[in-house]
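Q: Got a minute to go through this one with me? I'd like to talk over how the pieces fit together.

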Amino acid sequence: MNSTLGWALAVAAVAAGSVGYGWRGVVLALSVVVFWLLLQFSRTLRVMRKAAQQPVGHVANAVMLHARLHAGMHLTQVLAVTRSLGRKLADDPETFAWQDEQGDAVEVEFDDGSASVWRLRRAPAADGVAPAPGPEA
């Protein structure tokens, strides 16, 4: 959800509560807004706790991660998919990488907290045959 839309809905709920039920409506609307914020905070902490239990920059399958990414995913959504904190590569644009055991890696660039570009880097094959190039987004 867009944060601007969320805050606009919160203000509208407080205003509607005030008009409809007076101070009791304002208290109810504020209670609902605080409950929603606590749910969002709890979800973020759960994702971060699960990601912190895995090795940094490790993912089970980089090709599957590459297939599941789409433009506009927030960092917390990517962390929920990878179940691992990414290895930071650059600050501007903010770039993180995840690698699997075969050596394939996915690099994701974030603009304003949302995934904008991601690349699949295939590892060289052990038998000397180059793998087929992966698609880039």
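Q: Which strands does helix 4 lie across?
A: Helix 4 (residues 75–82) lies across strand 2 and strand 3, and runs at about 5° to strand 2. Axes here are lines fitted to C-alpha atoms, for helices over the stretch in contact, with angles from 0 to 180 degrees between N-to-C directions. Contact means heavy atoms within 4.5 Å. Helices (H or I, at least four residues) and strands (E, at least two) are DSSP runs, numbered from the N terminus.

Q: Before we go on, what kind of model is this?
A: A predicted model: local features need pLDDT of at least 70, side-chain atom pairs count only at pLDDT 80 or more, and totals for chains, interfaces and linings use all residues. Residues are numbered from 1 along each chain as its sequence is written, and side-chain values use heavy atoms, with hydrogens and water left out.

Q: OK, the sheet. What's the strand order?
A: The order is 1-2-3-4 in an open sheet of 4 strands, with antiparallel pairing. Two strands pair if DSSP finds at least two bridges between them.

Q: And which ones are the edge strands?
A: Strand 1 (87–90) and strand 4 (114–121), each pairing on one side only. On average, neighbouring strands are turned by 30° against each other, direction ignored.

Q: How many bridges join strand 3 to strand 4?
A: There are 7, and the two strands run antiparallel. Val108 stands opposite Trp118 in strand 4.

Q: Switching to aromatics: which residues form the cluster?
A: Phe96, Trp98 and Phe110 form one aromatic cluster. Rings of Phe, Tyr and Trp (its six-membered ring) pair if their centres lie within 6.5 Å; planes under 30 degrees apart count as stacked, over 60 as edge-to-face and the rest as tilted. That rule gives 2 aromatic pairs. Phe96 and Trp98 make a tilted pair, 6.4 Å centre to centre with 40° between the planes.

Q: Why is the pair of Phe96 and Phe110 edge-to-face?
A: Because their planes are at 70°, with the ring centres 5.9 Å apart. That pair links distant parts of the chain, Phe96 in strand 2 (residues 94–99) and Phe110 in strand 3 (residues 105–111), 14 residues apart.

Q: Is Trp98 buried or exposed?
A: Buried, at 0% relative accessibility. Buried means under 20% relative accessible area, exposed over 50% and partly exposed in between (1.4 Å probe, protein chains only). Phe110 is buried too, with 3%.

Q: Last one: what covers the buried residues of helix 2?
A: Helix 1 (3–21) and helix 4 are among what covers them. The buried residues in helix 2 include Gly25, Ala29 and Val33.
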